[in-house]
Amino acid sequence: MNRECDRLHRGVRRAARTARGAMILESTVALVILGAAVISVSHLSVVLVAQQRSCLQRQLARQEAANLMERLHALPFADLTEDRVQSLAPSPTTQRGLASLQHAVTVEDAGGMPRGRRIVVEVRWTNPAGRPAGPIRLTAWRYSPEQQP
């Protein structure tokens, strides 16, 4: 009887050691999975911040192009010449927000009647990686007030 108890007792101890080993293995696997999840989430957050910055820069460039176009439409038709529009500078806020900000404004005679001009505003900048971002381009037509119906 005593031998049977010893055998049972040894079996219980062996099972306890095996269970402890399995618990350590399960804990290690759980930690590896948790670590992979944390790394994935941190990478995702970095990508999201970069995307948000890119969207904000694009929005700022769009606003600058719209502001330049409004300033051009506020000029009298006679002052709407290539020389005059080159003197317009981007706003200081936009210059701080966009690296390497460049803007180009072209004014062309539209030809025909009524007499008009085609105005193109283009804003370019570089992204944080130093690569040029896609330009924002606005086009408008302005007609001489004397020849409008």
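Q: Which residue does Glu122 meet in a salt bridge at 2.5 Å, N to O?
A: This is a predicted model. Glu122 lies in strand E2, and its partner lies in strand E3, 15 residues apart, so to speak of distant parts of the chain being linked is fair by the definition of these elements. The side chain that meets Glu122 at 2.5 Å, N to O, belongs to Arg137.

Q: Which three residues are linked in a network of salt bridges?
A: Glu122 meets Arg137 in a salt bridge. Glu122 also forms one with Arg124, where the closest N and O atoms are 2.7 Å apart. The linked residues are Glu122, Arg124 and Arg137.

Q: Is Glu122 buried or exposed?
A: The cut-off for buried is under 20% relative accessible area. Glu122 has 15% relative accessibility. Glu122 therefore counts as buried.

Q: What is the relative accessible area of Arg124?
A: Arg124 forms a salt bridge with Glu122. Partly exposed covers the range between the buried limit of 20% and the exposed limit of 50%. Arg124 is partly exposed, with a value of 35%.

Q: How many salt bridges does the structure hold?
A: One joins Glu122 and Arg137. Another joins Glu122 and Arg124. Arg118 and Glu108 also meet in one. The count for the structure is 4.

Q: Which strands hold Arg118 and Glu108?
A: The side chains of Arg118 and Glu108 meet in a salt bridge at 3.2 Å, N to O. The pair is 10 residues apart and links distant parts of the chain. Arg118 is in strand E2 (residues 116-126), and Glu108 is in strand E1 (residues 99-109).

Q: What are the relative accessibilities of Arg118 and Glu108?
A: Both side chains take part in the salt bridge at 3.2 Å. Arg118 counts as partly exposed. Glu108 also counts as partly exposed. The value for Arg118 is 29%, and for Glu108 it is 39%.

Q: Which side chain of opposite charge is nearest to Glu64?
A: Glu64 is found in helix H1 (residues 2-74). Glu64 is buried yet has no salt bridge. A salt bridge needs the nitrogen and oxygen within 4 Å. The nearest side chain of opposite charge is 4.6 Å away, and it is Arg71.

Q: Which residues does Glu64 touch, not counting residues up to four places away in sequence?
A: Glu64 sits in helix H1. Glu64 is buried. Its contacts outside that sequence window are Pro90, Ser91, Thr94 and Val123.

Q: What is the C-alpha separation of Gly116 and Tyr143?
A: Gly116 lies in strand E2. Gly116 is in contact with residues including Arg142 and Tyr143. Gly116 and Tyr143 are 27 residues apart along the chain. Their C-alpha atoms are separated by 4.0 Å.

Q: What is the relative accessible area of Gly116?
A: Gly116 is in contact with Phe77, Glu108, Asp109, Ala110, Gly111, Arg142 and Tyr143, leaving aside neighbours within four places in sequence. Gly116 is buried. Its relative accessible area is 2%.

Q: Which residue lies over the face of Phe77?
A: Phe77 is among the contacts of Gly116. A charge sits over a ring if it is within 6 Å of the ring centre and within 35 degrees of the ring normal. At 4.3 Å from the ring centre, the residue over Phe77 is Arg117.

Q: Which residues does Ala140 touch, not counting residues up to four places away in sequence?
A: Ala140 has its place in strand E3 (residues 136-143). Ala140 is buried, with a relative accessible area of 14%. The residues it touches are Met69, His73, Arg117, Arg118 and Ile119.

Q: Where is Ala133?
A: Ala133 counts as buried at 16% relative accessibility. Ala133 touches Trp125, Thr126 and Asn127, not counting residues up to four places away in sequence. Its place is in the loop between E2 and E3.

Q: What order do the elements run in from the N terminus on?
A: The protein chain has 3 helices and 3 strands. Buried residues make up 21% of its 149 residues. From the N terminus on, the order is α-α-α-β-β-β.

Methods: Residues are numbered from 1 along each chain as its sequence is written. This is a predicted model: local features need pLDDT of at least 70, side-chain atom pairs count only at pLDDT 80 or more; totals for chains, interfaces and linings use all residues. Side-chain values use heavy atoms; hydrogens and water are left out. Helices (H or I, at least four residues) and strands (E, at least two) are DSSP runs, numbered from the N terminus. Buried means under 20% relative accessible area, exposed over 50%, partly exposed in between (1.4 Å probe, protein chains only). Lys and Arg count as positive and Asp and Glu as negative; His and the chain ends are not counted. Contact means heavy atoms within 4.5 Å.
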